[in-house]
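Student: Could we walk through this one together, with the model open on the screen? I'd like to go region by region.

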Amino acid sequence: MGLKTKFNLGMGVAFLVGLGLAAFMFNQVLRDGARQAALRDAGMILAQAAAVRGYTATEVAPLLREQLKTRFLPHSVPSWSAQTVWRGMQSQFSDYSYKEAALNPTNPSDRATDWEADIIEQFRRDPKLAQFASVRDTPTGAVLSLSRPLRIANQACLSCHTTAAEAPQTMVDLYGPANGFGWKLNETVGAQIASVPLAVTTRQADELLKLYIGGLVAVFAVIAILLNVMLHYIIVKPVRQISAAANDISMGNMNAPEVEARGSDEIASLTESFNRMRRSLASAMGLLGST
Ligand code: HEC
């Protein structure tokens, strides 16, 4: 096996192992980044919805209190406002979703599905749990959901959610007396759940990974070509010349021209030593021949 083949094999193996490790680590970093980006998006949806809830409860509801006696205005309901504002945004974020899921909802469309109920149960079991992230596979790809508990933190909420008798009559007329009542102070009744598709950020991560691997292969190819050219002109070619000259001498051909030594590296010094040895040999042979 020639020198070049050995070098190329060694470099090839080192490159493949290095590329495998680098791609693995970069892939981890990218997946992590994709998840973080999705978590950030979901966190913004939840924070925005929480702000609308707060605004409705403190700013809007007091203004509409008198109105509720004659006509129920859902505009005074934090949950209604938050979900209505979200629907306004949804046209621009069609793969995203926001829901205020509850186990015993006032509005049946807020009823928790199986996986949402599991999340609410987790919050009910652990009152200290502030948020919860989970990934689900859906027909359109993986979806990350970030959830935060909806707890009855103040008495004002209970004016509408304790019993149908205590709730504004206009509200009961609209929503019926069966749902969304019996809630207790500090009880976790539901969860804000923001869902974000992972497909977009994962696709970006895949593109970046391809680009990164392509870049590494290009750098390796340039280095391999350069090293092969250098190997040829600096080592292989001069060594072949010395080897041919040594061959000539061994066959008794002392008249072949000297090998030309270029530069001052180890090969040049080997060439000079070889030439010197050849001259010594020639003069020793000359001495032998003259006796
Ligand atoms: C004026 C009466 C009223 C008050 C006060 C009120 N809610 Fe509600 N709440 C409702 C109505 C009506 C709905 C259904 C809204 C809809 O149609 O989306 C609702 C919906 C909800 C939902 C979504 C699940 C469901 O029941 O449909 C949650 C969670 C909720 N409320 C929690 C609270 C909390 C927490 C407070 C206190 C900050 C509060 N509510 C104050 C009337 C009220």
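Student: How many aromatic pairs does the count come to?

Tutor: Keep in mind that this is a predicted model. Two rings pair here if their centres lie within 6.5 Å. By that rule, the aromatic pairs come to five.

Student: Phe72 and Tyr175 form one of these pairs; what kind is it?

Tutor: The ring centres of Phe72 and Tyr175 are 6.0 Å apart, and there's 85° between the planes. Planes over 60 degrees apart fall in one particular class. So the Phe72 and Tyr175 pair is edge-to-face.

Student: How many residues apart in sequence are the parts that this pair ties together?

Tutor: Look at where each ring lives. Phe72 is in the loop between α2 (67-70) and α3 (78-90), while Tyr175 belongs to helix α6 (residues 169-175). The pair therefore ties together parts whose separation in sequence is 103 residues.

Student: And is Phe72 buried or exposed?

Tutor: The cut-off for buried is under 20% relative accessible area. Tyr175 has 24%, so it's partly exposed. Phe72 has just 8% on that scale, so it counts as buried.

Student: What about Phe93 and Tyr96, which class does that pair fall in?

Tutor: The centres of the Phe93 and Tyr96 rings are 5.4 Å apart, with the planes at 65°. As for cover, Phe93 is partly exposed at 33%, whereas Tyr96 is buried at 17%. With planes at that angle, the pair is edge-to-face.

Student: Which residue lies over the face of Trp115?

Tutor: This contact involves a charge over a ring, where CZ of Arg has to be within 6 Å of the ring centre. Here the distance from the ring centre is 3.6 Å. The residue over Trp115 is Arg136.

Student: Moving to the strands, how many residues of β1 are buried?

Tutor: Strand β1 covers residues 97-102, six in total. It's largely enclosed by the rest of the structure, because the buried ones number five of the six.

Student: Which strand pairs with β1, and in what sense?

Tutor: Two of the bridge partners help to place it: Tyr98 is matched with Ala194, and Ala102 stands opposite Gly190. Both of those partners sit in β4, a strand with 10 of its 10 residues buried. Six bridges join the two strands, so β1 pairs with β4 (residues 188-197), and the sense is antiparallel.

Student: How many bridges join β3 to β4?

Tutor: Strand β3 spans residues 141-151 and runs antiparallel to β4. One spot to look at is Arg148, which stands opposite Gln192 in β4. The bridges joining β3 to β4 number nine.

Student: Which residue has a positive phi although it is not a glycine?

Tutor: Go to the loop between α6 and β4, where Asn186 sits. Asn186 counts as exposed, because its relative accessibility is 57% and the cut-off is over 50%. The phi is about 70°, and the residue with it is Asn186.

Student: Now the ligand. Which residue is the donor to the iron atom?

Tutor: The iron has a single donor from the protein, an NE2 atom 2.1 Å away. The residue is found in helix α5 (residues 155-161). That donor is His161.

Student: How many disulfides does a search of the whole structure find?

Tutor: Two cysteines you might check are Cys157, partly exposed at 28%, and Cys160, buried at 18%. A disulfide would need two cysteine sulfur atoms within 2.5 Å of each other. Over the whole structure, the search finds zero.

Student: Which residues does UniProt annotate as "transmembrane region"?

Tutor: It's an unreviewed entry, and it lists two spans. One is 100% helix with its end C-alpha atoms 26 Å apart; the other is also 100% helix, with end C-alpha atoms 35 Å apart. In order, the residues are 12-30 and 211-235.

Student: And where does UniProt place the "domain: Cytochrome c" feature?

Tutor: This also comes from an unreviewed entry. The chain over that span is 54% helix and 17% strand, with 76 Å between the end C-alpha atoms. UniProt places the feature at residues 136-275.

Notes. Residues numbered from 1 in each chain as written. Predicted model: local features only at pLDDT ≥ 70, side-chain atom pairs only at ≥ 80, totals over all residues. Heavy atoms only, no water. UniProt positions renumbered as here; feature names shortened; annotations may be inferred. Helix = DSSP H or I, 4+ residues; strand = E, 2+ residues; numbered from the N terminus. Donors = N, O, S within 2.8 Å, 3.2 Å for Na, K, Ca; no water. Buried < 20%, exposed > 50% of the residue type's maximum accessible area, 1.4 Å probe, protein only. Phe/Tyr/Trp six-rings, centres within 6.5 Å; stacked < 30°, edge-to-face > 60°. Lys NZ or Arg CZ within 6 Å of the ring centre and 35° of its normal.
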